[in-house]
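Student: Please take a close look at one part of this structure, namely its aromatic pairs and the strands around them. I should like one connected account.

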Amino acid sequence: KVKLVKDTPVITSAARLPGGAFQFGFTFTPGVACMALGATNAAVPLADWSVLGGVAEVAVGQFQFTDPEATNSSQRFYRFRSP
């Protein structure tokens with residue numbers, strides 16, 4: 001059975017970590033698998049965004065993603081998708 005998600009994610013934190021990695025957190029539907037995507041230009045088509053990896057659910061409905069490759073870009077945009 002497919003679970004349809006209608007919640008809107010809410011960003012709860014965003015920070016550059018020591019060493020240059022970037023980390024952000026958000027709330028979303030508990031138990032939903034998410035993937036982080038990244039691009040240096042927010043206007044490029046979704047098909048051109050890079051899949052950066054899975055987003056961890058660190059507590060019920062609390063998600064976090066850390067991008068260690070953020071050190072290689074002066075500017076990076078993020079979005080996430082859930083199946």
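Tutor: The account below begins with the basis of the values, then treats the rings, the core and the strand pairing.

This is a predicted model, in which local features need pLDDT of at least 70 and side-chain atom pairs count only at pLDDT 80 or more, whereas totals for chains, interfaces and linings use all residues. Residues are numbered from 1 along each chain as its sequence is written, and side-chain values use heavy atoms, with hydrogens and water left out. The mean pLDDT (the predictor's confidence in each residue, from 0 to 100) of the protein chain is 89, and 93% of the residues reach at least 70. Among the elements of the chain, β5 has the highest mean, 96, and β6 the lowest, 91.

Nine aromatic pairs are found in a search of the whole structure. Rings of Phe, Tyr and Trp (its six-membered ring) pair if their centres lie within 6.5 Å; planes under 30 degrees apart count as stacked, over 60 as edge-to-face and the rest as tilted. Phe22 and Tyr78 are stacked, because their ring centres are 5.4 Å apart and their planes meet at 15°. This pair links distant parts of the chain, 56 residues apart: Phe22 belongs to strand β2 (residues 22-27) and Tyr78 to strand β6 (residues 77-81). Strands here are DSSP runs (E, at least two residues), numbered from the N terminus.

Tyr78 also pairs with Phe24, at 5.4 Å centre to centre and with 50° between the planes, a tilted arrangement. Here too β2 and β6 are linked, by residues 54 positions apart in the chain. Tyr78 has 22% relative accessibility and therefore counts as partly exposed, while Phe24, at 6%, counts as buried. The limits are under 20% relative accessible area for buried, over 50% for exposed and in between for partly exposed (1.4 Å probe, protein chains only). Ring pairs gather Phe22, Phe24, Phe26, Phe28, Phe63, Phe65, Tyr78 and Phe80 into a cluster.

Several of these names recur in the largest nonpolar core, whose nine residues are Phe24, Phe26, Phe28, Val32, Cys34, Ala36, Val55, Phe63 and Phe65. Strands β2, β3 and β5 each give two or more residues to this core. Such a core is a set of buried Ala, Val, Leu, Ile, Met, Phe, Trp, Tyr and Cys residues joined through side-chain atoms within 4.5 Å.

Phe63 and Phe65 lie, with Asp67, on the covered face of β5; Gln62, Gln64 and Thr66 form its uncovered face. Six bridges join β5 to the antiparallel β2, including that between Gln62 and Thr27; two strands pair if DSSP finds at least two bridges between them. Strand β5 (residues 62-67) is also antiparallel to β4, through three bridges, and Glu57 stands opposite Phe63. The β4-β5 hairpin has two residues between its strands, and Gly61 in the turn has a positive phi of about 75°. Strand β4 (residues 50-59) is in turn joined by five bridges to the antiparallel β3 (residues 34-39), where Cys34 stands opposite Val55.

Technical notes. Helices (H or I, at least four residues) and strands (E, at least two) are DSSP runs, numbered from the N terminus.
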